[in-house]
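Trainee: Before we look at the picture, I would like to practise asking why a label is used and how one can know that it is deserved. Could we take the labels one by one?

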Amino acid sequence: MNSNIIKALGKPPVYTKTTGEFWNDEHISKQMLKAHLNPEFDGASRRLDFIEKSVAWIKELVPHLQYSNLLDVGCGPGIYAEKFVQMGYHVTGIDFSKRSIDYARQSAISKGLEISYLYQDYLEMDLKEKFDFATMIYCDYGALSTKDRQVILSKIHHHLKPGGKLLLDVFSMIKFEHFQERQTWEICNDGGFWREDEYVALSGYYKYLDNVTLDQILVISKYETAIYYIWNTYFTKETLTNEVQNMGFKVCEVFSDVAGDVYRPESETIAILLERK
Ligand SMILES: C[S@@+](CC[C@H](N)C(=O)[O-])C[C@H]1O[C@@H](n2cnc3c(N)ncnc32)[C@H](O)[C@@H]1O
């Protein structure tokens, strides 16, 4: 048992995937949904005041009268999707967190909003419809491996009409530079984010080559041991631009964030508006 734990705590090869459930774990998905819905917390979705600023800006940048059919990739519980539909877009949201999609569907029904929600892995999406506009918001793109980033760009490319737009954001090299390698541990006697009951979490935060980081969390409870890997790839304006141009997109404009702040190299995020060639 101890030697298994020591082995599990070693630094894994870059982009090793978590084998167990994360987004659909009964307890963790509940905590994630709570985080998404907390208007003051930007752990899962951005704070509500930012989201409001963001959708108001997006509406001006990619107007619904011209770009009516919108695909929200990794829509979570539909916080953006609801605001987009209220602004006049026809919205389809796709996400593989069952709890988020169930919440989003219920919330849309209770507000009388017509939104099509799909519970699906976006890396495997194969929809009948073509869209005018796609959004992938809150740095989910950089959470994917190099190969999966190619997959999602080609999936989105396939699902956009020629001339269709894609807006996405990533973390910048400034955030990478601020990332501190460290190892920590935490005892949660009454449960916490990772488990409902008592557990210990041993966490390692590591930098890899090519501007990649890993948050590695080993959770030890009374019943089992599980390991979670959260990867992030960070970009400069140039690395992001090169990557997306190689996948059939033209860069329209680069910003500091998805609320339209002008591009500044010192910003922790970069947002990019692309057009399908
Ligand atoms: C950081 S959250 C952002 C949610 C939303 N865009 C927002 O800003 O409120 C990322 C979302 O992507 C979803 N996601 C991650 N990988 C996915 C995949 N392969 N297929 C579908 N959804 C995925 C997660 O379930 C989560 O809801």
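**Labels and their reasons**

Trainee: Which residues is F235 in contact with, leaving aside its neighbours within four places in sequence?

Mentor: Once those sequence neighbours are set aside, F235 is in contact with Y141, G142, R149, V170, F171, S172, M173, L240, E243 and I270, where contact means heavy atoms within 4.5 Å. This is a predicted model, in which local features need pLDDT of at least 70 and side-chain atom pairs count only at pLDDT 80 or more, while totals for chains, interfaces and linings use all residues. Residues are numbered from 1 along each chain as its sequence is written, and side-chain values use heavy atoms, with hydrogens and water left out.

Trainee: Why is F235 called buried?

Mentor: Its relative accessible area is 3%, and the word buried is kept for values under 20%, with exposed for over 50% and partly exposed in between (1.4 Å probe, protein chains only). F235 therefore counts as buried. It sits in the loop between β9 and α8 (237–245), helices being DSSP runs of H or I with at least four residues and strands runs of E with at least two, numbered from the N terminus. Between the C-alpha atoms of F235 and T269 there are 8.8 Å in space, although 34 residues separate the two in sequence.

Trainee: What makes Q86 exposed or buried?

Mentor: Q86, which lies in helix α4, has a relative accessible area of 53%, and therefore it is exposed. From C-alpha to C-alpha, Q86 and M173 are 35 Å apart, with their positions 87 residues apart in sequence.

Trainee: Is S267 buried or exposed, and how do you know?

Mentor: Its relative accessibility is 7%, so S267 counts as buried. This serine is in the loop between β10 (249–255) and β11 (269–276), and, not counting residues up to four places away in sequence, it touches S172, I174 and S256.

Trainee: What does the side chain of S267 reach?

Mentor: It reaches the backbone oxygen of T269 at 2.8 Å. A polar contact is a pair of N or O atoms within 3.5 Å; within protein, one must be able to donate a hydrogen and the other to accept it, and residues adjacent in sequence count only if both atoms are side-chain atoms.

Trainee: How do you know that the span of α6 agrees with that of a helix?

Mentor: The expected span is 1.5 Å times one less than the number of residues. Helix α6 (residues 146–159) has 14 residues and should therefore span 20 Å, and its end C-alpha atoms are indeed 20 Å apart. Among its buried residues are R149, I152 and L153. Helix α2 (residues 26–37), with twelve residues, reaches 17 Å from its first C-alpha to its last, close to the expected 16 Å.

Trainee: Which elements do the buried residues of α2 pack against?

Mentor: They pack against α4 (79–86), α5 (98–111) and β9 (225–233). At the start of α2, a side-chain oxygen of D25 comes to within 3.0 Å of the backbone nitrogen of H27.

Trainee: Why does S29 count as buried?

Mentor: S29 lies in helix α2, and its relative accessibility is 4%, so it counts as buried. Its side chain reaches two backbone oxygens, that of D25 at 2.8 Å and that of E26 at 3.4 Å. Beyond its neighbours within four places in sequence, S29 is in contact with F22, W23, N24 and R99.

Trainee: Which residues are the closest around the ligand?

Mentor: The closest are S45, G74, D95, D121 and Y122, out of 17 residues that surround the ligand, each having a heavy atom within 4 Å of it. An oxygen atom of the ligand is 2.6 Å from an N or O atom in the side chain of D95, and another listed pair joins a ligand nitrogen to a backbone N or O atom of I137 at 2.9 Å. Taken alone the ligand exposes 600 Å², of which the protein buries 94%, by the Shrake-Rupley method with a 1.4 Å probe, where for residues only the protein chains shown count as cover.

Trainee: Why does the radius of gyration agree with a compact globule?

Mentor: The rule, over C-alpha atoms, is 2.2 Å times the number of residues to the power 0.38. For 277 residues a compact globule would be near 19 Å, and the chain has 19 Å, so the two agree. Of these residues, 51% count as buried, and the chain holds eight helices and eleven strands.
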